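Hi everyone, thanks for coming. Let me put the sequence and the model up on the screen, and then I'll walk you through what caught my eye.

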Amino acid sequence: MISDLTSVTALWGGVIFLGIYHGINPGMGWPLAVSAALMERKHKAMPRALAMLALGHFLAMIGILLPFSLMVVLIEWELEIRVAAGILVIAMGVYLLINRRHPKILARVHPARLVLWSFLAAMAHGAGLMLVPIYLGLCAVGADEAGHLAAQSLMGNTITMAFAVAAVHTLSMTVAGGAIAVAIYMWLGLKFLSRTWFNLDFVWALSLILVGTFGIYSAYSGH
């Protein structure tokens with residue numbers, strides 16, 4: 001029981017950590033929130049921009065997690081689904097290591113359409129995929145539990161979990177990214193941003209590989 005509680009706590013910690021990590025990454029959009037506040041010369045433009053970025057990110061997370069929430073109902077294939085998800089995440093990480101170019105479609109989206117931009121950015125960078133192994137770990141159902149859980153009930157639980165994971169993750173991302181945006185806008189300024197700009201593309205790709213590997217390990221170890 002204590003072991004199970006520790007595993008669940010660690011998985012939720014992973015959801016929050018990835019949210020903070022995504023929020024820190026400039027590629028998820030916090031510079032656009034700074035830009036919106038500077039262009040409109042209004043403080044309230046920043047929280048509005050952050051809210052739109054958060055909505056787009058949340059929709060991307062749900063768009064990735066919901067299909068997996070439906071597959072979790074196939075209890076007899078739970079291990080195979082989790083391993084396949086891990087391999088998919090690793091493959092995305094390897095692809096991003098090989099292809100360092102940013103998706104051209106993001107440059108074609110008008111800066112004012114922050115919800116759409118955030119959705120596409122999260123999809124293109126595999127942000128939602130990064131959550132899948134952790135989500136499947138939270139949804140894992142033991143063989144002794146499967147017998148008294150009807151498919152409809154199980155599906156309802158996994159869909160609810162998908163929304164919970166997406167919401168907690170997006171909140172963590174918004175708080176982390178928002179804190180950086182506020183600090184730059186209020187105190188540090190654009191000169192600091194230009195001098196200290198950091199690119200996490202390489203680290204991001206390695207993170208996908210690491211999370212995918214963790215997902216496969218946790219599936220085989222029964223977590």
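How many aromatic pairs does the structure hold? The count is three. Please keep in mind as we go that this is a predicted model.

Let's start with Phe17 and Tyr21. Their rings are stacked, with 6.5 Å from centre to centre and 10° between the planes. Both residues belong to helix H1, which covers residues 2-24, and they sit four residues apart, about one turn of the helix. Now, are these two buried or exposed? Phe17 counts as exposed because its relative accessibility is 55%, and the cut-off for exposed is over 50%. Tyr21, on the other hand, has a relative accessible area of 12%, so it falls under the 20% limit and is buried.

On to another pair, Phe58 and Phe163. Here the ring centres are 6.2 Å apart and the planes make an angle of 50°, so this pair is tilted. Which helices do they come from? Phe58 is in helix H3, residues 45-71, while Phe163 is in helix H9, residues 151-196, so the pair ties together parts that are 105 residues apart in sequence. Phe163 is partly exposed, at 38% relative accessible area.

Before we leave the aromatics, one more name for you: Trp204 joins Phe17 and Tyr21 in one aromatic cluster.

Let's stay with H3, but turn to a helix packing against it. The axes of H3 and helix H6, residues 114-124, come within 7 Å and cross at roughly 40°. That angle is why we call the two helices oblique to each other, and their crossing is right-handed. Who is touching whom? On the H3 side, the contact residues include Met52, Leu55, Gly56, His57 and Ile64, and on the H6 side they include Leu114, Trp117, Ser118, Phe119 and Met123. Sorted by class, this contact has 14 nonpolar residues, four polar ones and no charged ones.

Finally, let's zoom out to the whole chain. What is the secondary structure made of? It comes to 10 helices and zero strands, so to speak α after α when you read along the sequence. Of the 223 residues in the protein chain, 45% are buried. And if you take the contacts with a separation of 6 or more, 86% of them are between residues 24 or more positions apart.

That's my tour. Happy to rotate the model for anyone who wants another look.

Conventions: Residues numbered from 1 in each chain as written. Predicted model: local features only at pLDDT ≥ 70, side-chain atom pairs only at ≥ 80, totals over all residues. Heavy atoms only, no water. Phe/Tyr/Trp six-rings, centres within 6.5 Å; stacked < 30°, edge-to-face > 60°. Buried < 20%, exposed > 50% of the residue type's maximum accessible area, 1.4 Å probe, protein only. Axes fitted to C-alpha atoms, helices over the stretch in contact; angles between N-to-C directions. Parallel < 35°, antiparallel > 145°, perpendicular 65-115°, else oblique. Left-handed = near helix turned anticlockwise from the far one by under 90°. Contact = heavy atoms within 4.5 Å. Nonpolar A, V, L, I, M, F, W, Y, C, P; charged D, E, K, R; others polar.
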